[in-house]
Amino acid sequence: MLLAAYPAASQEIPQLLFDNYSTADGLSSNEVHATLRDKKGFLWLATGNGLNRFDGYYFKVFLNVPGDSTSIGDNVVFALAEDSKGLLWVGTGNGLYRYDPLTERFEGSFLPKTVDSSAFDVKRMFIDSEDCLWMGSSFPVGLLKFDTGHRQFERFVNPIAEKKGEGNLVNVFYEDKKGLLWVGTHCGLFTFDPASNRFESILQLSFGNDKNRNFIITSILPDRYRVHLLWLTTWGDGLWKYDKSTGKSERFLLEPQFRHDGVHNVFHDLLQTDSTHLYLGGTGLTLFDIKNQKFSLPQSSHEATLLKTGEVSDFQQDAEGNIWIAGPVGFARLSLLRQQFGAKKIPFPLAVYATLIDTPSQKNYFGTAYYNRSLVIYDALTGQWETRRMPLLDEKHAGVLKILKDKWGFLWFITAKGLFRYDLQKNRLEPKAVIFKNGESSTAHICPQAEQDTEGNLFFRFGNTAIVEYLQAADSLVLTDFEADALGKVKDGSLLLASKKGVTRLVANGSEVRFFPFPIPGMADVSPCAIAADFIGQYWIGTQNNGIFIFRPGETGQPAFRKLSLEDGLPSNCVHQLACDPDGNIWAGTRQGLVKIDPSNLGLTVFTQADGLLTDNFFIEPTFLPSGEAFVTLGGSPLYHHFDFRKVGQPDLDSLPFYFHNFRISGKPVVFEKDINYLPGIALAYPANAFSVEFAALTMEGQKSIRYAYRLAGLEGHWTDADAHRFAAYTNLSPGDYRLEVRMSNRRGSWSENIHSLQVTVLPAWWQRAWVQVLAGLLLLGLVSFAVARFVNQRLHQRITALERQRELEAIRRRIAQDIHDEAGAGLTKIGLTAQVAVHLPPSDGIETKKRFEAILAETRLVSARLAEVLFAVNPRYDHFEAVQAWLREWGRRFLEDAGMEAGFDLPKSKYDPVVPPEVKRNLLLICKEALNNAVKYSGSDRVLISFSLDEDGRGYLLRVQDFGRGFSQEEVGVLCNGLAGMKGRAAEIGAEFSVESWAGKGTTVKVRGRL
């Protein structure tokens, strides 16, 4: 047996996951110069075509609007800064602008008088501790200071760098705790003391006879863990470390294998995420290991688009751990939250299939398979790795598939062909004879299992059915009578066995056995793969193709089962492994990801490669430590995951910024003087007693996994589950004070403690106000006091009022009768006259009688059509836009078919369905009818197109009737005048615009445009 020890740490595998954003996602330009996450949680992007605000859901674009002084003055945006008041300062290609988020208005442009405004752009910007802006331009104007309070510029020229043509080109700033400004320029690093207005050279390089070469500093970053260090990036001169305490500097250059596309040591920006790593942006993304002083390229299965096609010019890290990466050809997000599943690689080319974490000794044991046949030991206390060669594990044993450490300190190895015990102290491997029912060795199995009970006896599962028990007292192995496809353990130390026949529990050295038979009702084949018990007494069974079954065992009878499957959010119904962590959560290894389950509410958290895992297929059981650290081996490779099982996948909802937006009153958007999140409340005046509002947590991570619930305090006590929808609406609210409350939960179902609220007051109508009601009460009291004296007059007044109301009702009846007479009376009279003539015709005049009855039939149809048109205007069935469209289709088809013309329709669907008032319906129908009559009589066309559609806001409508005939002729203008005037008058009655377009030989189009 060979021994070898190495003082080497496991190798961290940088596996980065990116989200790419582009114009396809709503971004106004793929050319992103800078990013900023403001205090409220919005992400701002300076682009080559406007300023963009991102809330994690949508991009809002701010562009220059000609003639609008409150819009941004230039669409080319380079730099961003936020002052202590929350105001956003925007550096553009044409000066400086200020954006007020309360009013959503821009102010500017601010231009220095000492600089040619036609040659001034703001490329870099920094705001100091006194809210003063420091700016750099692409022109050698030196250092510019802008006092945001007095709105004044001040220019400082570096006399040391003035000799160089580009010496006063300023690229980057940094303010230390003493108020000293560190300035990176085109000729080195300088400090500037604002108190004395003095520059001092810190780091300059001389390039001998190469006078055209400059030492260009592109970024400055203070080390957050070592305050005396500064990190600098340069154009062509690599990465620099500068020690402020000693004045010494050190340069680090990229090795040739890490250089991108022949561009050597050019970096634009850098970012520090922890004490050991720097992210460097240049032509692509590069990592720098501070401890080992080495560069590396990150591995990524979801690479940022800009890393493939262009440069990285800007980094920004927010409080959520997101790194925003911008460049001239792209924009991406690197989520550190999704890097929680750290991937490590053992420093040997071994294929690992088994892992054991020994908590007392702080040692990790890795069992290797196939040609390696070694035991790898990592000592967490010393940081040393050790390999122990196992010559007894010859080819027929094919390496270690499972490791168990017993209470006496021995390691037990399960291999595909047998069982071995290893003495760590004596460094001795001992084969144990395994007896099977058929007298032969077990066949290889991908998931062998081993457990130890409270008595120290060991149980091993080989293949699909063989259970071997090792009796410590007798030092012997016994083949049990139990069959099992899965072996597990309860917290009290008793063992669980699951097979197709049922579940067996072994208690107190086999003295008590409880059996729960299968099959489960309604399930023909369970096929268990894994079994585990949680802390609340439930058993969990993972199956080959039916998900997870959960039951609580009872004393008698068959227990009731619950099931988790694809329909419940499980990523796969094939569950290889189940394990219970120290907090009582169940972890399931499936073919499509790793799942964390809360047994109390069955809340599922699914982790896949999209969350940073190296694989989705987990068939090896994870190991958990009480400290919160977890390990899971990736079978067949030298890689393993380590992560904190208490923190993964749980964004801190209580720390997320939250905002309300898009407030609407009675369906109409409202623009307030201030952002509604800063208003003490919103008042709704009568009759506007309905409102809707959207809301969202300002998080760039996990948006899809956040659920919302809301309620209107003052109206309801229960919560309405909005799921992922961020919208609440209420109608017909009574006068009073209300408070809209919103809360959030993560995908585990844990609700946040913070409740976000918006105060809404519905004001009473004037007659509902208190003083009006008091006055009415006094008036009523006065009326009662005079009631007896004026009894007779009151009775008389009531009779007069009744007569007046009766006369009004009579007038209404007369109007209704007049309408019916106008629409149908004339037709009915004509029908009667025609019938009378038909009756008095001689019996022999059959032809004339037929003509008369045909006339009666035609007139009857006409009256019926007119009555249908009257009913259309007043029938509530046709009050909505879609119903009007449907009625027009049917009515227009019949009308044109009766005239012998072909009917065409353009009635597009809309996401809105507003109410169409009766007077609008009536007049639109009459206009359409007149237009169709003209088309039938004068157009000479054989086809008419009727169109009725809504605008994008769902309020504006357009009615269009188009024929394809000869158009107006001069002799027909006079004939049509009365009809056109009538249509125009009807359009005016409903506040609509009326127009007629006619082209010789191309037809005539009648248009009516209005708003509902």
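## Reading the labels on this model

Visitor: Why is R505 called buried?
Guide: R505 has a relative accessible area of 13%. The label requires a value under 20%, so R505 counts as buried. Do keep in mind that this is a predicted model.

Visitor: What makes the pair of R505 and Y539 a polar contact?
Guide: Their side chains are joined at 3.1 Å. The cut-off for a pair of N or O atoms is 3.5 Å, so the distance fits the term. For orientation, R505 is in strand β47, which covers residues 502-507.

Visitor: How confident is the predictor, going by the average pLDDT of the protein chain?
Guide: The average is 80, and 80% of the residues score at least 70. Over residues 1-10 the pLDDT is below 50, although this stretch has 33 contacts in the model beyond near neighbours in sequence. Residues 435-445 are also below 50 in pLDDT, with 21 such contacts.

Visitor: What does the protein chain contain in helices and strands?
Guide: There are 7 helices and 73 strands. Of the 1012 residues, 49% are buried. Among contacts with a separation of 6 or more, 53% are between residues 24 or more positions apart. The chain exposes about 49400 Å², with 51% of this supplied by carbon and sulfur atoms.

Visitor: Why does Q272 count as buried?
Guide: The relative accessibility of Q272 is 2%. Buried means under 20%, so the label applies to Q272. Q272 belongs to strand β24, residues 267-272. Leaving out residues up to four places away in sequence, Q272 touches a set of residues including L221, P222, Y225, H277 and I290. D223 is also one of the residues touched, and the side chains of Q272 and D223 share a polar contact of 3.3 Å.

Visitor: What makes D237 and R251 a salt bridge?
Guide: Their closest N and O atoms are 3.5 Å apart. A salt bridge needs the side-chain nitrogen of Lys or Arg to be within 4 Å of a carboxyl oxygen of Asp or Glu, so this pair is counted. D237 is in the loop between β21 and β22, while R251 is in strand β23, so the pair ties together parts that are 14 residues apart in sequence.

Visitor: Are D237 and R251 buried or partly exposed?
Guide: D237 is at 0% relative accessibility and therefore counts as buried. R251, at 41%, counts as partly exposed.

Visitor: Why is R1011 called exposed?
Guide: R1011 stands at 51% relative accessibility. Exposed means over 50%, so R1011 has that label. D953, at 37%, counts as partly exposed. R1011 and D953 form a salt bridge, with the closest N and O atoms 2.7 Å apart. R1011 lies in strand β73 and D953 in the loop between β70 and β71, so their pairing ties together parts that are 58 residues apart in sequence.

Visitor: Where do E897 and R893 lie?
Guide: Both are in helix α5, residues 881-898, 4 residues apart, which is about one turn of the helix. Their side chains meet in a salt bridge at 3.1 Å, N to O. E897 is partly exposed at 46% relative accessibility, and R893 is partly exposed at 30%. A network of salt bridges links E890, R893, R894 and E897. A search of the whole structure finds 23 salt bridges.

Visitor: What is unusual to check in the backbone at N197?
Guide: N197 has a positive phi of about 55° although it is not a glycine. N197 is in the loop between β18 and β19. N662 also has a positive phi of about 55° without being a glycine, and its place is in strand β60.

Visitor: Which peptide bond involving S109 is cis?
Guide: The bond from G108 to S109 is cis, with omega near 5°. S109 is in strand β11, residues 105-110. A cis peptide bond also joins Y686 and P687, with omega about 10°, and P687 is in the loop between β62 and β63.

Visitor: Which residues make the nonpolar surface patch of about 470 Å²?
Guide: The patch is made by W771, V774, L775 and L778. L775 is in helix α2, residues 770-785.

Methods:
Residues are numbered from 1 along each chain as its sequence is written. Side-chain values use heavy atoms; hydrogens and water are left out. pLDDT is the predictor's confidence in each residue, from 0 to 100. Contact means heavy atoms within 4.5 Å. Helices (H or I, at least four residues) and strands (E, at least two) are DSSP runs, numbered from the N terminus. Buried means under 20% relative accessible area, exposed over 50%, partly exposed in between (1.4 Å probe, protein chains only). A polar contact is a pair of N or O atoms within 3.5 Å; within protein, one must be able to donate a hydrogen and the other to accept it, and residues adjacent in sequence count only if both atoms are side-chain atoms. Patches are made of residues with over 30% relative accessible area and no salt bridge: like charges are joined within 9 Å, nonpolar side chains (Val, Leu, Ile, Met, Phe, Trp, Tyr) within 5 Å. Accessible areas come from the Shrake-Rupley method with a 1.4 Å probe; for residues, only the protein chains shown count as cover.
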